[in-house]
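Let's take a friendly walk through a protein model, one step at a time. Have a look at the picture first, and then read on.

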Amino acid sequence: MPSKTEDPTPPDDQTPEQQGSPEVNTLTAEDITASLKAGFSDFLARPLMSGFFGLFYAVFGILFVWCLVWLGKIWMIIPAMVGFPLVAPFAAAGLYEMSRRLKTGERFGWSDILTVMARQSRREMGWMAFVTLFVFWVWMYQIRLWLAIILQDASFSDFGGFLNTVFFTPEGWTFLAVGTCAGAIFSAVLFSLTVVAMPLLLDREIDFVTAMLTSIRVVTENPVVMLSWAAIISVTMLLSLVPAFLGLIFTLPILGHTTWHLYRRAVVSLEG
């Protein structure tokens with residue numbers, strides 16, 4: 001009679017990540033400082049390639065605002081500029097790959113980096129892109145909702161009129177207060193979901209739910225450090241938008257490279 005004892009050996013295609021969530025480390029302020037230095041070093045190692053991603057992101061932002069003006073959606077410009085940094089982690093995928101290869105000493109060219117997202121088709125980066133864009137869409141929709149509720153009688157013939165209504169009327173102040181609170185919540189949620197998940201998906205074969213849960217654990221177990229990093233990102237990105245988005249040419253690459261190095265410090269390496 002054949003034995004019914006199960007083979008304790010797991011299938012060959014079962015990876016360590018599938019058996020459990022990645023372990024996370026305790027971070028300090030020194031980890032942010034060291035990651036920033038490493039990120040700046042990566043930017044200087046390949047300034048043209050790194051700057052390309054910042055330029056692409058800046059041009060996309062300029063075209064996005066131009067389209068809103070052309071469509072007459074003046075009211076969407078400010079919330080779009082505020083919510084624009086929410087999709088930055090997805091846009092920085094190529095920068096993560098550059099930092100990964102620079103760290104391991106791998107040689108790479110433009111094609112290796114520009115096609116990194118296409119090579120993720122068999123992984124779950126696409127789902128993370130969906131999550132990111134969905135949160136951005138919800139952000140824009142709820143701004144439109146608050147606009148209709150609070151500024152329902154206002155009309156905006158131009159951008160100047162919109163700014164005057166928002167900044168110099170009691171209704172505008174209420175709109176700003178509600179929008180700021182809602183934006184803070186959306187930003188905190190998306191930051192917690194993506195700050196580690198994006199580079200983790202690029203680095204390992206892992207499902208996007210586990211990646212997001214790992215990202216949340218990093219934030220909840222290191223709240224002060226990660227909130228400080230979130231504040232650095234938010235302030236830097238918003239200031240970069242002021243000179244017609246052009247500041248992003250430099251700040252986005254540095255922040256992207258830094259995020260990769262911070263991820264490597266936050267999540268325990270498979271090599272131990």
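A good place to begin is a single residue, Cys181: with a relative accessibility of 51%, Cys181 counts as exposed. Keep in mind as you look around that this model is predicted. Now find another cysteine, Cys67. Its relative accessible area is 33%, so Cys67 is partly exposed; the label "exposed" is kept for values over 50%. How many disulfides does the count come to? The count is zero, where a disulfide would need a pair of cysteine sulfur atoms within 2.5 Å.

Next, step back and follow the chain as a whole. It holds 14 helices and zero strands. Starting from the N terminus, you will meet one α element after another.

Let's pick out one of these elements, helix H14, which covers residues 248-266. Helix H14 has 19 residues and reaches 25 Å from its first C-alpha to its last, close to the 27 Å expected at 1.5 Å a residue. Is H14 mostly covered or mostly open? Mostly covered: 16 of its 19 residues are buried. As a general point, an α-helix has 3.6 residues a turn, so residues three or four places apart point the same way.

Finally, consider the chain in numbers. Of its 272 residues, 45% are buried. The accessible surface of the chain is about 14800 Å², and carbon and sulfur atoms account for 66% of that surface. Contacts tell another part of the story: among those between residues at least 6 apart in sequence, 77% join residues at least 24 apart.

Terms used:
Residues numbered from 1 in each chain as written. Predicted model: local features only at pLDDT ≥ 70, side-chain atom pairs only at ≥ 80, totals over all residues. Heavy atoms only, no water. Buried < 20%, exposed > 50% of the residue type's maximum accessible area, 1.4 Å probe, protein only. Helix = DSSP H or I, 4+ residues; strand = E, 2+ residues; numbered from the N terminus. Contact = heavy atoms within 4.5 Å. Areas by Shrake-Rupley, 256 points an atom, 1.4 Å probe, with all protein chains shown as cover. Expected span 1.5 Å × (residues − 1).
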